[in-house]
Amino acid sequence: MEFAELIKTPKLDNIIVKQPFRPPTEGTLCITSHHLIFSSRRNVGDELWLLHSMVDVVERKITGNGGIVILKCKDFRIIQLEIDTNEEFNNVSNSIEWLSNLDEPRLLYPFFYRPMFEIVEDGWSAFCIEHEFSKIQLYSDSWRISQVNKNFTICQSYPESVIVPKSITDETITAIANFRCLGRSTKANKFSDLYKLHNQAVLLRSGQPMVGTNSKRCKEDEKLINTVLGSGKRGYIIETRNQNLAQLARTKGGGFEPEVHYPLWRRVHKHIDRHSTLLDSLSKLIEVCNDTLCPMDKWLSRLESCGWLSHIKDVLMCACLVAQCVDKEGRASVLVHGAEGMDSTLQVCSIAQVILDPDCRTVHGFEALIEREWLQAGHPFATRCKHSAYTTPSARTREQSPIFLVFLDCVYQIYNQFPCSFEFNEQFLCVLFEHAYASQFGTFLENCVKQRKELNFMKKTVSLWSYLNRPEVLAEYLNPAYEPNNSVIWPSVAPQSIIMWEGMYLRWTIDQSINDKISKTVEQLKTYQKELRSKAIRLRRQLLELAVINT
């Protein structure tokens, strides 16, 4: 297929564009293979570049001889194109609709993008498993890197190399993979060298055990979990489904760990919604946020009824429970799973690490967390992020869900309560959200490491981390109020503590530029504080020198 076949009108003059916080602007529209480009006729340099893949829904409104093309984007922005003639109106709307729904990954922009900057740090190799393993070796030699999943033979959604206990053989791992859903065997999270190895507490995640109605068991699975647990220790299995769903899963071949075979583990159910329920909730939230004429009492009622903040609270509560088990309950080990182990399991494990591990609250550590717990752990970004809040219910599938956005929202909730404990700022989280849905970089493309390897992403696309970690770019996303905090941070999950993320959901309806001004003011105050400290040190030295001279 040639892109030219989909672009009937590559250039169109005299159209009017309406976008948030900008007056209606007349200019020229160009449609390329991957971008919609608008240039203002009056203001030189006033341009809009929009990736077609960022468009969630194309709506049409006929007016006279032409019409208005309404672009509802995955980042919640709404852009309107006013076109005079009916033919061009149909050509433009059809082209954008076709180009925004390409399914072949090789036709997407990351395979055509050529960076205009020098790549100093290759993001594809910045978070390799050998680097993570070297940190573990500083504290313990009880672990090893296994190549049991070479060529993805036992699990399609896990990486080829995994870190496992030395006492567990590859044959044992293979048997466990056959027992766990989708071959997602019990996997240890490298979340904090201090917590994992000094305190002998391990955070595990996996898919559900395939026990079925016949209570099938796997002795190798029991051996691995008990080996990780250690002598005389007890652990917790945090099940992210309610008891009814877990029981129902047994009729379909799944289920949960029977207590008789896992006597040292206590199972706790903490239900977390997923899939279409979340997308419905997000759609209602964005609908509320875009309604600027709604009266206050009705607006608050609609905000509550959308249920979004309840979803955030559920994930945070479950993550806090996991962190509490690791840190407080005799430093117990924890196994987290739901069904496949690719959604709520990753949310809970990731947030628990942000709570426990100060390294995950730095830029590099947070990037490593996303790479380890989301990208390499097989979260299906291409499927989950195919559509966003504006897609109609009839056009959605059960597999499309804002799982990653919920995770970022939970991080924001913690950031809001501990604003000085994070090296990065709120805008950093927003950028990650946007690139997960549409990007010139290949980091979030496809559903797992296997698919990315088959398409040779490392050579044919650029990593997002290569761009973000450039000093001149990263400076924009650093938190000026950051003070390293090596302690565990315990977020409040009380109703009054969970707030709507204005910088994400209201950024196209309420001008957020005041936050930029506040950030710059804080940065100036921090710089002034450093100058005063330096001056105080110099004055102390002068006083000491004078005291020595006088004596």
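These exercises, with worked solutions, explore a predicted model.

**Exercise 1. The sheet**

Work out which strands stand at the edges of the open sheet, and what packs on the sheet.

Solution.
- Step 1: Read the strand order. The open sheet has 7 strands, in the order β4-β3-β2-β1-β7-β6-β5, with antiparallel pairing.
- Step 2: Find the edges. They are β4 (47-51) and β5 (55-63), and each pairs on one side only.
- Step 3: Add the twist. Neighbouring strands are turned by 30° against each other on average, direction ignored.
- Step 4: Look for the helix. Helix α1 (residues 86-99) packs on the sheet and touches β1 (11-18), β2, β3, β5, β6 (66-73) and β7 (78-83). The direction of α1 makes about 165° with that of β5.
- Step 5: Zoom in on one pair. Strands β2 (residues 25-31) and β3 (residues 35-40) run antiparallel and share 5 bridges. Ile31 has Leu36 in β3 as its bridge partner.
- Step 6: Recall the principle. Sheet strands pair through backbone hydrogen bonds, parallel or antiparallel.

**Exercise 2. Two salt bridges across the chain**

Decide whether Glu132 is buried or exposed, and do the same for Glu160.

Solution.
- Step 1: Recall the principle. Side chains of opposite charge can pair when their charged atoms come close.
- Step 2: Take the pair Glu132 and Arg372. Their side chains form a salt bridge at 3.6 Å, N to O. Glu132 sits in helix α2 (residues 129-137) and Arg372 in helix α11, 240 residues apart.
- Step 3: Check burial. The cut-off for buried is under 20% relative accessible area. Glu132 has 7%, so Glu132 is buried. Arg372 has 10%, so Arg372 is buried.
- Step 4: Widen the view. Glu132, Arg205, Arg372 and Glu373 are linked in a network of salt bridges.
- Step 5: Take the pair Glu160 and Lys453. Their salt bridge spans 2.7 Å, N to O. Glu160 is in the loop between β8 (143-146) and β9 (162-165), Lys453 is in helix α15, and the two are 293 residues apart.
- Step 6: Check burial again. Glu160 is buried because its relative accessible area is 14%. Lys453 has 47%, so Lys453 counts as partly exposed.
- Step 7: Set the total beside these pairs. The whole structure holds 28 salt bridges.

**Exercise 3. A histidine and its contacts**

Describe the surroundings of His379.

Solution.
- Step 1: Place the residue. His379 lies in the loop between α11 (363-375) and α12 (381-384).
- Step 2: Judge the cover. Its relative accessible area is 0%, so His379 is buried.
- Step 3: List contacts beyond four places in sequence. They are Met342, Asp343, Leu346, Trp374, Arg384, Ile403, Phe404 and Asn447.

**Exercise 4. Two asparagines with positive phi**

State where Asn14 and Asn456 lie, and how exposed each one is.

Solution.
- Step 1: Note the angles. Asn14 is not a glycine, yet its phi is positive, about 60°. Asn456 is not a glycine either, and its phi is positive at about 55°.
- Step 2: Place them. Asn14 belongs to strand β1. Asn456 belongs to the loop between α15 (449-454) and α16 (457-460).
- Step 3: Judge exposure. Asn14 has 37% relative accessibility, so Asn14 is partly exposed. Asn456 has 31%, so Asn456 is partly exposed.

**Exercise 5. A surface patch**

Say which residues form a nonpolar patch with about 340 Å² of accessible area.

Solution.
- Step 1: Name them. Leu543, Leu546 and Ile549 make up this patch on the surface.
- Step 2: Place one of them. Ile549 lies in helix α20 (residues 513-550).
- Step 3: Judge it. Exposed means over 50%. Ile549 has 66% relative accessibility, so Ile549 is exposed.

Terms used
Residues are numbered from 1 along each chain as its sequence is written. This is a predicted model: local features need pLDDT of at least 70, side-chain atom pairs count only at pLDDT 80 or more; totals for chains, interfaces and linings use all residues. Side-chain values use heavy atoms; hydrogens and water are left out. Patches are made of residues with over 30% relative accessible area and no salt bridge: like charges are joined within 9 Å, nonpolar side chains (Val, Leu, Ile, Met, Phe, Trp, Tyr) within 5 Å. Accessible areas come from the Shrake-Rupley method with a 1.4 Å probe; for residues, only the protein chains shown count as cover. A salt bridge is a side-chain nitrogen of Lys or Arg within 4 Å of a carboxyl oxygen of Asp or Glu. Helices (H or I, at least four residues) and strands (E, at least two) are DSSP runs, numbered from the N terminus. Buried means under 20% relative accessible area, exposed over 50%, partly exposed in between (1.4 Å probe, protein chains only). Two strands pair if DSSP finds at least two bridges between them. Axes are lines fitted to C-alpha atoms, for helices over the stretch in contact, and angles run from 0 to 180 degrees between N-to-C directions. Contact means heavy atoms within 4.5 Å.
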